[in-house]
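Reader: Could you take me through this model and tell me what lies behind each label you use?

Author: Gladly; let us look at it together.

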Amino acid sequence: MAIADWLLLIALSVVWGGSFFFSKVAVAELPPLTIVLARVGLAAAALLPVLRLAGQALPRDRGTWAAFFGMGILNNLIPFCLIVWGQTRIGSGLAAILNATTPLFTVLVAHVLTADEKLTPKRLAGVLLGLAGVVVLIGPQVLGGLGGEVTAQVAILGAALSYAFAGIFGRRFRGLPPMVTATGQVSATSLMMLPVVCLVDRPWTLPMPSGTTWLSLIGLALLSTSLAYVLYFKLLARVGATNTVLVTLLIPPSAMLLGHLVLGEVLGGRAWMGMALIALGLVAIDGRLFAKLRRAVGSPGQATSS
């Protein structure tokens, strides 16, 4: 991954990390399915005119739209519903830790289903280091909730697994502009979610949400969905699935650093230790720094022997 790719990954972690906060606010007043429909529906409504202004258009062939619907199921419908429902029963911290297993699932799925993203000891060690860093960063005490709401925790893990399959499935969109893929995906998901929400939640019978909830839905749609998926598909085309899903390791430190820089929140030693572990894991996955160190250590010996 080039420096520009790492910067895109960090930017994605910031905008995607807000989804946990926005969802937690919205779920206090709205049922999970309605939140998911609002998220993808508002995102589609925002992206469609932007796509037209950019001089781009959605494809019309059945094959591409079938792929949009498949991606919508794996990358939106299943994980969004599972995560929002899970957050009605467990805290955001534990949900973030469970969601951070996505890279672990992805390296395993990619090893089985792809020829060019095979599992290596370096990659596995880096993912495990990063996952340990997320646990340390958020606080091992949240793991005390493990086993309490098993169904909700399995739901978040199911979302992480769905994201892993989505990353592999999304490789087929490499020939399309990222904005086209993002718009097609959320549009397809909206079409699938609309009849389900009308049958199950009947949103016209619900009380009118508060202004805070509306702002959360708008943030969820515009930042954590529209912008996030444009960045996601751009990264997916450039660096592959296993590198793109590393974003889930960066989401917790991004959120904490924003709180430190913008809100003046104090970061303790545990937070810095957790971020250091995550950084070390990402460096191990990238591999270039360790390769340079090996060459630097090996060069004196080589010079002596010559």
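Author: Let me start with a term: a salt bridge is a side-chain nitrogen of Lys or Arg within 4 Å of a carboxyl oxygen of Asp or Glu. Please keep in mind that this is a predicted model, where local features need pLDDT of at least 70, side-chain atom pairs count only at pLDDT 80 or more, and totals for chains, interfaces and linings use all residues. Residues are numbered from 1 along each chain as its sequence is written, and side-chain values use heavy atoms, with hydrogens and water left out.

Reader: Why is the pair Asp-5 and Arg-238 called a salt bridge?

Author: The closest N and O atoms of Asp-5 and Arg-238 are 2.8 Å apart, and the definition asks for a nitrogen and a carboxyl oxygen within 4 Å, so the label applies. Asp-5 belongs to helix α1 (residues 3-26) and Arg-238 to helix α9, so the bridge ties together parts 233 residues apart in sequence. A search of the whole structure finds one salt bridge. Side chains of opposite charge can pair when their charged atoms come close.

Reader: What makes Asp-5 buried or exposed?

Author: The cut-offs are under 20% relative accessible area for buried, over 50% for exposed, and partly exposed in between (1.4 Å probe, protein chains only). Asp-5 has 7% relative accessibility, so Asp-5 counts as buried. Its partner Arg-238, at 44%, counts as partly exposed. Pro-121 has a relative accessible area of 73% and is therefore exposed. Of the 306 residues of the protein, 49% count as buried.

Reader: How do you know how many helices and strands there are in the protein?

Author: Helices (H or I, at least four residues) and strands (E, at least two) are DSSP runs, numbered from the N terminus. Counted that way, the protein has 13 helices and zero strands.

Reader: What makes the span of helix α9 agree with its number of residues?

Author: The expected span is 1.5 Å times one less than the number of residues. For the 29 residues of α9 (residues 211-239) that gives 42 Å, and the end C-alpha atoms are 39 Å apart, so the two agree. Helix α3 (residues 62-86) passes as well: its 25 residues should span 36 Å, and its ends are 34 Å apart.

Reader: How do you know where α9 bends?

Author: The bend at a residue is the angle between axes fitted to the seven residues ending there and the seven starting there. In α9 that angle is about 35° at Ala-228. In α3 there is a kink of about 40°, centred on Ile-73.

Reader: Why is Ile-218 counted in the nonpolar surface patch?

Author: Patches take residues with over 30% relative accessible area and no salt bridge, joining nonpolar side chains (Val, Leu, Ile, Met, Phe, Trp, Tyr) within 5 Å and like charges within 9 Å. Ile-218 has a relative accessible area of 38%, which makes it partly exposed. The patch of about 500 Å² is made by Leu-42, Leu-215, Ile-218, Leu-222, Leu-223 and Leu-227. Helix α9 gives the most to it, with five residues.

Reader: What makes the phi of Arg-202 worth a look?

Author: Most residues other than glycine have a negative phi, and most peptide bonds are trans. Arg-202 has a positive phi near 45°, and it sits in the loop between α8 (178-200) and α9.

Note on methods
Areas by Shrake-Rupley, 256 points an atom, 1.4 Å probe, with all protein chains shown as cover.
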